[in-house]
Amino acid sequence: MLQPFRLPRWLAALLVCLAAALAAPAGWAQRLVVDGQPFDTAARIGNTDLKLNGAGLRQVAWFKAYAAGLYLPDKTRTAAQALSGAGPKRLQMRMMQDVPTAEFIKAFDKGIGRNSTPAEVAALKERMARFDQILTQIGQVKKGDVVNLDFLPGQGLVLTHNGKPRGEAIPGEDLYAAFLRIFIGEKPTDERLKASLLGAAWS
């Protein structure tokens, strides 16, 4: 007489987990993981839903500094559209090392200088100094910290550190575009990171 077929316990448990995943609500948060750093595929700033355009790793040789993700209202694979597109934006950095904010200030100032004309840098000087002061007050960003550089229309650049807003909004689309060019401009800090932020690594 044939014995009834029974699934191994491990296989039955796996099937239950798969069924639960397939039955998850449509709003279930999805994530893209970059070298262990999770990025939600959607974010909301004000009343606007943003999509994760791309995410990648900033690495020099063996040194992994941070992972970064770019959020936009609509996905694009071109830097020009990402820079000129209207609406809120977010550049999220997930730290993989402890870094004094003085090093951030040097990197930001250098990146803006490389991707802006002398006239543009002159127009940004006072506002860049205000941003540098906000960073200085933080003192140090540590491994595991999350830093968001958000652009809010009508307000400007807003920096949050581990979910806490720091300082006041600094006005100007030109300022935020200058910061984005550090990552996706003609002379980015990292060409591979630029490609990843523009969606080269996933669709």
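Helices (at least four residues) and strands (at least two) are DSSP runs, numbered from the N terminus. With that in hand, let's walk through this predicted model.

**The big picture**

The protein chain has six helices and 11 strands. Of its 203 residues, 43% are buried. If you look at contacts with a separation of 6 or more, 58% of them come from residues 24 or more positions apart. As for the outside, the chain exposes about 11,800 Å², and carbon and sulfur atoms supply 57% of that area.

**Three strands, two hairpins**

Start with strand S3 (residues 42-45) and strand S4 (residues 48-60), which pair in the antiparallel sense over four bridges. One pair to look for is Arg44 and its bridge partner in S4, Asp49. S3 and S4 make a hairpin with two residues between them, and Gly46 in the turn has a positive phi of about 60°.

Now follow S4 to its other partner, S5. These two also run antiparallel, joined by nine bridges. Here you can pick out Leu52, whose bridge partner in S5 is Tyr71. S4 and S5 form a hairpin too, with two residues between the strands, and Ala61 takes a positive phi near 55° there.

Phe63 belongs to strand S5, which covers residues 63-72. Is Phe63 buried, partly exposed or exposed? Its relative accessibility is 32%, so Phe63 counts as partly exposed. Phe63 also has company: together with Val60 and Trp62, Phe63 forms a nonpolar patch on the surface, and the three share about 360 Å² of accessible area.

**A buried threonine**

Move on to Thr76, in the loop between S5 and helix H2 (79-84). Because its relative accessibility is 8%, under the 20% cut-off, Thr76 counts as buried. Which residues does Thr76 touch, leaving aside its neighbours within four places in sequence? They are Asn53, Gln81, Ala82 and Leu198. There's a polar link close by in the sequence as well: a polar atom of the Thr76 side chain lies 3.2 Å from the backbone nitrogen of Thr78.

**A proline in a loop**

Pro153 sits in the loop between strand S9 (146-152) and strand S10 (156-161). Leaving aside neighbours within four places in sequence, Pro153 is in contact with Gly87 and Pro88. You can also check the spacing between Pro153 and Gly172: these residues are 19 apart along the chain, and their C-alpha atoms are separated by 8.8 Å. Pro153 has a relative accessible area of 46%, so Pro153 is partly exposed.

**Two loop residues with positive phi**

Two more residues to find are Asp35 and Asn162. Asp35 is in the loop between strand S1 (31-34) and strand S2 (37-40), while Asn162 is in the loop between S10 and strand S11 (164-170). Asp35 has a positive phi, and Asp35 is a residue other than glycine. Asn162, also not a glycine, has a positive phi as well. Here are their values:

| Residue | Phi | Relative accessible area |
|---|---|---|
| Asp35 | near 50° | 40%, partly exposed |
| Asn162 | near 55° | 44%, partly exposed |

Why does Asp35 count as partly exposed? Its 40% relative accessible area falls between the 20% and 50% cut-offs, and that is the reason. The reasoning for Asn162 goes alike, because its relative accessible area is 44%.

Conventions: Residues are numbered from 1 along each chain as its sequence is written. This is a predicted model: local features need pLDDT of at least 70, side-chain atom pairs count only at pLDDT 80 or more; totals for chains, interfaces and linings use all residues. Side-chain values use heavy atoms; hydrogens and water are left out. Patches are made of residues with over 30% relative accessible area and no salt bridge: like charges are joined within 9 Å, nonpolar side chains (Val, Leu, Ile, Met, Phe, Trp, Tyr) within 5 Å. Accessible areas come from the Shrake-Rupley method with a 1.4 Å probe; for residues, only the protein chains shown count as cover. A salt bridge is a side-chain nitrogen of Lys or Arg within 4 Å of a carboxyl oxygen of Asp or Glu. Buried means under 20% relative accessible area, exposed over 50%, partly exposed in between (1.4 Å probe, protein chains only). Contact means heavy atoms within 4.5 Å. A polar contact is a pair of N or O atoms within 3.5 Å; within protein, one must be able to donate a hydrogen and the other to accept it, and residues adjacent in sequence count only if both atoms are side-chain atoms. Two strands pair if DSSP finds at least two bridges between them.
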